[in-house]
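Thanks, everyone. I'll take one chain today and walk through how its helices pack and what sits inside. Have a look at the sequence and the structure first.

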Amino acid sequence: MVRRRIERGGDRFWRVRDFADLSPSAVARTLARLAEEGLLERPRRGLYYRPRETRFGMSIPSAAAVAAESLRVPVQPAGLTAASVLGFTTQNPALSELATPANNPPTAILPAKVKTRRPEARLRLSEREGALLELLRDRASSSDLSFDETHQRLLSLLAKGETFAKLARAALHEPPRVRAMLGALGQELGADERTLSRLRGGINPLSRYDFGRLGPLPYAREWQAQ
């Protein structure tokens, strides 16, 4: 029964508590055996991952995803790791670059470069949504794509589902330059005017912001880019 559920569940994490209707000891033994057989990976004690076949080989969970599942603390990609996760670069840093609202780097994810004390609004964001905010914090400096390619990929990612609306809410707690860049992108996407007004309300009308590689955005000047 455990094996059937896992095979139907796709690539995801599993723990003993995911089988609350079964004997915990029996489930623990079965998960350990499936890991020995290669059906599951065990990134942490008590945490299992079911990989899937991709054109690049078997999928592997990111360090941020493992940390978030292990610790129940949001840990999201940052820096070059964020750019890699989002498809802006094929590079991977020697040490994962991560960000978390926690006051101190969780020891379970070390060694890694961890940026702490991110806003608690990050608690409501997924790994990829947090990575997008980190990319904007860094002014897309870690993108290896041309400006046009970076621009179009950002628009594509922000246009998916409720992504822009969720980031716009979270951005109210981010640095003003993040709100400004997100506002410029949102205006281009035709975002709801009330959402754009909230972003604009969090920007000092006398300030100018360094958009970095996103300086050529069509609405950058309207959002106070330098």
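Let me fix one word before we start. A residue is buried when its relative accessible area is under 20%, and exposed when that value is over 50%. By that rule the buried residues of α4 are G79, L80, T81, A82, A83 and L86. Keep in mind that this is a predicted model.

Now the overall picture. The chain has 9 helices and 8 strands. Its C-alpha trace spans about 65 × 35 × 30 Å along the principal axes. Of the 226 residues, 43% count as buried. Take the contacts with a sequence separation of 6 or more: 55% of them join residues 24 or more positions apart.

Back to α4, residues 79-86. How enclosed is this helix? Largely, because 6 of its 8 residues are buried. What covers them? The cover includes three strands, β6 (76-77), β7 (97-99) and β8 (113-115). It also includes the helices α5 and α6. Just after α4 comes G87, with a positive phi of about 85°.

Next, the helix pair. Two packed helices are described by the angle and the distance between their axes. Here the partner of α4 is α5, residues 127-137. The two axes come within 9 Å and cross at roughly 125°. That angle makes α4 oblique to α5. The crossing is left-handed.

Which residues make the contact? On the α4 side they are A82, A83, V85 and L86. On the α5 side they are E127, R128, A131, L132, E134 and L135. Sorted by class, that contact has 7 nonpolar residues, 3 charged and no polar ones. Note the overlap: A82, A83 and L86 are on the buried list for α4, and these three also meet α5.

On to the interior. In soluble globular proteins, nonpolar side chains tend to be buried together. In this model the largest nonpolar core has 38 residues. Which members touch the most others? Those are L182, F211, L214 and W223. Six helices each supply at least two residues of this core. They are α4, α5, α6 (147-158), α7 (163-171), α8 (176-189) and α9 (193-201). The largest share, 6 residues, comes from α8.

Zoom in on L182. Set aside its neighbours within four places in sequence. L182 is then in contact with L136, L158, F164, L167, A168, A171 and L199. There is also a second, separate core, with 10 residues. I6, L31, L39 and Y48 are among them.

Last item: backbone oddities. R139 is not a glycine, yet it has a positive phi of about 55°. Where is R139? In the loop between α5 and α6. Its relative accessibility is 26%, so R139 counts as partly exposed.

Q224 is another non-glycine with a positive phi, this time about 70°. Q224 is found in the segment after α9. Is this one buried or exposed? At 12% relative accessibility, Q224 counts as buried.

To wrap up: α4 is largely enclosed, as 6 of its 8 residues are buried. It passes α5 in a left-handed crossing. And the largest nonpolar core takes at least two residues from each of six helices, α4 and α5 included. That's it from me.

Note on methods. Residues numbered from 1 in each chain as written. Predicted model: local features only at pLDDT ≥ 70, side-chain atom pairs only at ≥ 80, totals over all residues. Heavy atoms only, no water. Axes fitted to C-alpha atoms, helices over the stretch in contact; angles between N-to-C directions. Helix = DSSP H or I, 4+ residues; strand = E, 2+ residues; numbered from the N terminus. Parallel < 35°, antiparallel > 145°, perpendicular 65-115°, else oblique. Left-handed = near helix turned anticlockwise from the far one by under 90°. Contact = heavy atoms within 4.5 Å. Nonpolar A, V, L, I, M, F, W, Y, C, P; charged D, E, K, R; others polar. Core = buried A, V, L, I, M, F, W, Y, C linked by side-chain atoms within 4.5 Å. Buried < 20%, exposed > 50% of the residue type's maximum accessible area, 1.4 Å probe, protein only.
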